[in-house]
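Me: I've got a chain here and some labels I'd like explained. Can we go through them?

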Amino acid sequence: MAFTRISLGVVAFLVLLFAIFLPSVHPQNLAPAPAPTSDGTSIDQGIAYVLMAVALVLTYLIHSADMS
C-alpha cells in the first residue's frame, strides 16, 4: 500500500515536471509583427470627413427649422 502511494507520488511529480519543462525544450519561433498598413493619417482624415458631414447636416437642420 505504501509502495503504491509513493509510486503514484513519483509519477505525479514526473508528470508535473515534464509538463513544466518540456514545452521550453523546443520553443516556437515567433514571426515578426507585420508592418502597419497605414500611419494613422488616413484614419484621422476619415474621422474629420465624418465630423464635417455631421456638422453640415446639423447646420442645415438648424437653419431649415428657422426658416419655417
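Reply: Sure. The protein chain exposes about 6700 Å², with 75% of it supplied by carbon and sulfur atoms; such areas come from the Shrake-Rupley method with a 1.4 Å probe, and for residues only the protein chains shown count as cover. Bear in mind that this is a predicted model, where local features need pLDDT of at least 70, side-chain atom pairs count only at pLDDT 80 or more, and totals for chains, interfaces and linings use all residues. Side-chain values use heavy atoms, leaving out hydrogens and water, and residues are numbered from 1 along each chain as its sequence is written.

Me: Why is Ser 64 called partly exposed?

Reply: Its relative accessible area is 31%. Buried means under 20% and exposed over 50% (1.4 Å probe, protein chains only), with partly exposed in between, so Ser 64 is partly exposed.

Me: What makes the link from Ser 64 to Leu 61 a polar contact?

Reply: The Ser 64 side chain reaches the backbone oxygen of Leu 61 at 3.1 Å. A polar contact is a pair of N or O atoms within 3.5 Å; within protein, one must be able to donate a hydrogen and the other to accept it, and residues adjacent in sequence count only if both atoms are side-chain atoms.
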